[in-house]
Structures are given as C-alpha cells and as structure tokens.
Amino acid sequence: MRNIINMIIKIAIIWGAAWMFPEYVKIQDTRTMVLVVATLLIASIVLTVMGVLILAALPGNGVGIGIAMLITIIMALASGIIQLMAAVHFVPGFEIHGKLTYIILALLMAVFSIEEKKEA
C-alpha cells in the first residue's frame, strides 16, 4: 500500500510541475506519465540492487563500514535525480530542462514520500 501511495505522490509532483512550469517539465500525454512512473519504479529497483551488491562487496572492517555508509548516503541523495534522468532518457515525450529542476523534483519526491513505520 505504501508503494502505491508513493507512486501517486510522484505522479502528482511531476504532473503538478508540468502544469505549473511547462517550460521546465513537459509531458506529452497520460500514456507518457504512466511510462514515466514505471521507469521510476524500475530505476528504483535497479538502484537498490546495485546498492546492495556494492555494500556486500565491501569488507566488514572499520574502513569498509565507513565507505558503506558514505555510499549509502550518496545513493540516497542521488537516487531521485538518477531516476528522473532515466525517465527522461527512456520515455519519449517526457522532458526536463535545467539541472535545478532535477534537484527540486528529486527533493520534492523525497520529502513527500511515505516511510515505513518502524516498530520498537
């Protein structure tokens, strides 16, 4: 259920950006939006698998744990931008203009995403 709500939030953010700032974000039609969301989902899965594989390859000593934490932080910060870049690259009819637009959209998607509730 959490993943469905997160996808709806991503749709709302991208569609809202395209509606409010058409010079920076362009979506051709509804079919394009569905493909963008599917691409974001696939890119998220690929990035998660890559992160797990990289972390599994690091040694378990102090240096390895420090590097693992650094990689995790960088991946968390860059994953939204990488997902949007993949969507622009693979989905015809979807365009984002400007580096700052990528950053703002990625931050909005990160801020408004729903986290899993952790029980103590």
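This section describes the pockets of a predicted model and two residues of one of its helices.

The largest pocket of the predicted model has a volume of about 920 Å³. Its lining is made up of 31 residues. Among these, Ser44, Met75, Ala76, Ser79 and Gln83 lie nearest the centre of the pocket. Four elements give two or more residues each to this lining, namely helix H1 (2-20), helix H2, helix H3 (62-90) and helix H4 (99-111). The largest share is that of H3, from which nine residues of the lining come. When the lining of the largest pocket is divided by class, 16 residues are nonpolar, 10 are polar and five are charged.

The second largest pocket holds about 190 Å³ of space. The residues that line this pocket are Ile13, Gly16, Ala17, Phe21, Tyr24, Val25, Leu100, Thr101, Ile104, Leu105 and Leu108. At least two residues of the lining are supplied by H1, and at least two by H4. The largest share of the lining of the second largest pocket is contributed by H4, with five residues. In terms of class, the lining of this pocket comprises nine nonpolar and two polar residues, with no charged residue. The lining of the largest pocket, by contrast, includes five charged residues. Helices H1 and H4 thus appear in the linings of both pockets, each giving two or more residues to that of the largest pocket and at least two to that of the second largest.

Two residues of helix H2 were examined individually. Thr32 is found in this helix, which spans residues 30-57, and Arg31 also has its place in H2. The relative accessibility of Thr32 is 1%, and this residue therefore counts as buried, the cut-off for that class being under 20%. Arg31, in contrast, has a relative accessibility of 59% and so counts as exposed, since that class requires a value over 50%.

The surroundings of Thr32 include residues from other parts of the chain. With its neighbours within four places in sequence left aside, Thr32 is in contact with Ile27, Val91, Pro92, Gly93 and Phe94. For Arg31, a separation from Ala86 was computed: the two residues are 55 residues apart along the chain, and 17 Å lies between their C-alpha atoms.

How values were computed. Residues are numbered from 1 along each chain as its sequence is written. This is a predicted model: local features need pLDDT of at least 70, side-chain atom pairs count only at pLDDT 80 or more; totals for chains, interfaces and linings use all residues. Side-chain values use heavy atoms; hydrogens and water are left out. Buried means under 20% relative accessible area, exposed over 50%, partly exposed in between (1.4 Å probe, protein chains only). Contact means heavy atoms within 4.5 Å. On a 1 Å grid over the protein atoms alone, a cavity is a set of points where a 1.4 Å probe fits but cannot get out, and a pocket is an open set with protein on both sides within 12 Å along at least five of seven lines; lining residues have an atom within 4 Å of a point. Grid points are joined across faces, edges and corners, and a volume is the space filled by probe spheres set on the points. Ala, Val, Leu, Ile, Met, Phe, Trp, Tyr, Cys and Pro count as nonpolar, Asp, Glu, Lys and Arg as charged, and the others, Gly among them, as polar.
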